[in-house]
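Please open the model in your viewer and keep the selection panel at hand. The tour below goes from one selection to the next and says what is to be found at each stop.

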Amino acid sequence: MTRSDAVMIEARGVEKWYPNGFHALRGVDLTVEQGEVVVIMGPSGSGKSTFLRTFNALEDFQKGSISVDGITLSDDLRHIDAIRREVGMVFQQFNLFPHLTVLQNLTLAPVLVRKLPKAEVQRRALDLLERVGIAEQAHKYPGQLSGGQQQRVAIARSLCMEPRILLFDEPTSALDPEMVQEVLEVMQALARDGMTMVVVTHEVRFARQVAHRVVLMDAGVVVESAPPEQFFTDPQHERSRQFLSQIS
Amino acid sequence: MAPVSPVMVRPGPWQRLRRELFASRVDGLISIGLIGGLVAVGLGLAKWVLVQAQWTVISANSTLFAVGRYPLEQQWRLWLLTTLLALATGLSWGLLRALPRSGASARAWPRNDRWAVAILVVLALWRPMALQLALPIQLRWWAITGLLLLARWAAGRWGAAIPASARRWMPLIWPLLYLLGMVLISGGLGLVRVAPSDWGGLLLTLLMATFSILLCFPLGVLLALGRRSNLPLLRWGSVLYIEFVRGAPLITLLFLGQNILGFLLPGGLAPDRVWRAAWVLTFFAAAYVAEAVRSGLAAIPAGQLEAARSLGLPMPQALIHVVLPQALRVALPATVGQFISLLQDTTLLSLIGLLDLLGTARTVMANPAYLGRNAEVYLVLAVLFWCCCAALGLGSRALETRLNPTAPSNVTPSR
Ligand SMILES: Nc1ncnc2c1ncn2[C@@H]1O[C@H](COP(=O)(O)OP(=O)(O)OP(=O)(O)O)[C@@H](O)[C@H]1O
Ligand SMILES: [Mg+2]
């Protein structure tokens with residue numbers, strides 16, 4: 001594994017209020033290093049998605065600071081666009097573009113945003129589809145694929161932008177049980193290749209085998225942050241023990 | 001009756017009719033009553049159309065109904081335009097058939113098309129004669145119809161051989177033809193000017209309708225986007241506009257427009273009554289189109305925009321490439337519904353003194369020579385409008401199936 005000490009994500013004292021006044025993040029700190037795989041766990045409503053989505057400015061925040069790959073998140077739109085080019089995101093509901101073919105889903109952003117020649121992007125897209133094991137579906141529409149296939153397309157779509165960081169928000173929660181494994185395997189392979197990943201998931205096995213660090217969030221704060229072995233066998237905080245007893 | 005065997009044979013049309021109309025005694029009575037009523041009305045109408053009605057009011061004024069007081073010596077321009085339109089229609093029709101989106105219906109002449117051709121031929125043969133047009137004019141209509149069918153046949157036959165790179169530019173013939181049509185109708189570029197006050201009848205109605213439809217659509221999309229924008233000024237501006245226009249009857253806006261549009265629009269854009277009315281129609285319909293598009297936008301999950309944005313697409317590109325293509329497809333039926341209303345609303349132009357179809361009809365009926373011929377005139381008007389609206393509806397249905405990405409299995413994408 002290629003881990004270096006370069007910091008990819010640095011969040012300090014992040015606080016967020018939703019427009020209705022709900023205090024969703026109450027001072028969250030997190031540092032993610034290059035090549036690191038961080039799994040975020042926590043009960044429903046604890047602010048995991050909200051936190052993850054601040055990294056690529058899908059959610060704003062009111063206090064604290066976040067910098068991604070050396071770029072400080074601010075209201076400056078150029079910064080936001082620059083960060084989004086480097087940060088890929090995979091959603092629980094896949095969010096593939098249903099009116100485009102699988103191949104077009106992959107090539108849309110690189111051609112429009114990175115201004116790369118179409119032929120070159122198509123070649124890379126087909127390579128990526130090969131890597132996630134669905135090259136033969138390139139000319140189908142998303143609606144014609146199974147859930148697991150769709151999520152693998154979504155991962156390939158993110159990779160096609162050649163991001164330096166990948167964010168996953170419960171990527172397997174909307175899948176039938178028999179399709180979970182095929183998606184997790186793709187993610188595991190990415191981790192092995194040294195991709196920096198922040199993954200919100202309830203898959204304990206994935207966290208144990210792949211994560212370098214597991215973070216527990218509760219009520220808008222980070223409760224515990226520890227290597228998986230320690231997190232699952234010897235948690236330091238009462239809240240973590242409670243959470244682990246609930247999910248096992 | 002013999003007992004029904006468990007192995008069901010597909011019922012013939014007669015059996016099906018029997019099952020659907022005469023399932024029980026009550027059903028049978030209702031069916032007989034309805035059929036009897038329909039037959040009576042149909043016979044009455046046929047008798048009136050064929051025996052009692054006097055169609056000279058139409059045939060003697062057919063040019064007036066078609067183009068109003070468009071100068072006779074300039075009418076060749078309209079013939080040329082009609083010919084070009086027929087050519088473009090035939091080409092587009094044939095190309096659509098030659099390059100179907102799903103491989104399923106790659107037949108050269110599907111059944112629908114054979115019906116359309118039959119109807120066209122019957123119309124071309126019968127209508128000019130029914131109107132007692134002069135022979136040269138009859139011949140012209142036949143030639144134009146023949147040209148349309150020839151273009152349809154040729155494009156259907158060889159369309160697939162056109163290279164994809166050239167094919168992508170084909171739809172451009174329509175906007176080009178529209179601009180050319182504008183020049184042909186109104187003059188300029190060396191042609192004698194024909195003032196808008198001389199346009200009339202079907203020509204004026206179609207011109208107003210197409211102009212407003214073409215412009216109100218992009219305007220409506222922008223308004224719908226504005227209404228969902230995060231910028232308060234833009235949002236409230238759009239809301240205010242949409243609600244104001246939807247709250248006012250079109251006829252008051254038309255009168256208002258005649259009086260104030262001259263101040264609002266930069267000089268030259270709305271110089272005379274016809275163009276002022278066209279702009280009012282456009283602005284009016286835009287508000288309704290905006291509401292149709294808004295419902296389409298609301299139907300697209302927020303995750304689509306989020307996914308596009310998280311891939312680094314700036315907002316305009318995310319809208320153009322991801323959100324709008326889906327939203328407009330959802331909004332298509334409602335939008336075309338608005339277009340159909342717009343077409344019918346053009347009849348209000350007669351109330352502000354323009355000689356559209358209805359306005360022309362009223363001048364004709366005011367002529368003492370045609371006293372009491374109102375029914376004939378209105379029937380023809382109704383049929384004409386019905387034909388235009390039906391064409392719009394059919395076009396929208398065809399477009400809808402063509403734009404549906406997932407319905408057919410084993411789809412081969414167009415590019
Ligand atoms: N748009 C919003 N407006 C107001 N409150 C919101 C909004 N979105 C989320 N919240 C609230 O913020 C809190 C955190 O939500 P978030 O989606 O981040 O939780 P989560 O940890 O991802 O939960 P889950 O496991 O259910 O996905 C929740 O209590 C939720 O009700
Ligand atoms: Mg969540």
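Select B:R152 together with B:W93 to begin: in this predicted model, B:R152 lies over the face of B:W93, at 5.4 Å from the ring centre. An arrangement of this kind can also be found in chain A, where the charged end of A:R157 sits over the ring of A:F97, 4.4 Å from its centre.

Stay with the rings for the next stop, since the structure holds ten aromatic pairs when every chain is taken into account. Select A:F51 and A:F55, whose ring centres are 4.9 Å apart and whose planes meet at 70°; because planes over 60 degrees apart count as edge-to-face, this pair falls under that heading. Are these two residues buried or exposed? A:F51 has a relative accessible area of 1% and is therefore buried, and A:F55, at 0% relative accessibility, counts as buried too.

Back in chain B, select B:W199, B:F211, B:W275, B:W279 and B:F283 in a single step, and you will have before you the members of one aromatic cluster.

Next, colour residues 232-247 of chain B, which make up helix α11, and pick out B:S238 within that helix. B:S238 has a relative accessibility of 6%, and because the limit for a buried residue is under 20%, B:S238 counts as buried. Which residues does B:S238 touch, once its neighbours within four places in sequence are left aside? Display B:L223, B:G226 and B:R227, for these are the residues with which B:S238 is in contact.

Now widen the selection to the whole of chain B, in which there are 17 helices and zero strands. Of its 415 residues, 37% count as buried, while the accessible surface of the chain comes to about 23800 Å², with 70% of that area belonging to carbon and sulfur atoms. If you display the contacts of chain B with a separation of 6 or more, residues 24 or more positions apart account for 74% of them.

Finish by colouring chain B by confidence: its mean pLDDT is 82, and 89% of its residues reach 70 or more. Residues 407-415 call for more careful reading, as pLDDT stays under 50 over this stretch, for which the model has 16 contacts beyond four places in sequence. For the complex, the predictor gives an ipTM of 0.91 and a pTM of 0.82.

Definitions and conventions: Residues numbered from 1 in each chain as written. Chains lettered and ligands numbered in written order. Predicted model: local features only at pLDDT ≥ 70, side-chain atom pairs only at ≥ 80, totals over all residues. Heavy atoms only, no water. pLDDT = per-residue confidence, 0-100. Contact = heavy atoms within 4.5 Å. Helix = DSSP H or I, 4+ residues; strand = E, 2+ residues; numbered from the N terminus. Buried < 20%, exposed > 50% of the residue type's maximum accessible area, 1.4 Å probe, protein only. Areas by Shrake-Rupley, 256 points an atom, 1.4 Å probe, with all protein chains shown as cover. Phe/Tyr/Trp six-rings, centres within 6.5 Å; stacked < 30°, edge-to-face > 60°. Lys NZ or Arg CZ within 6 Å of the ring centre and 35° of its normal.
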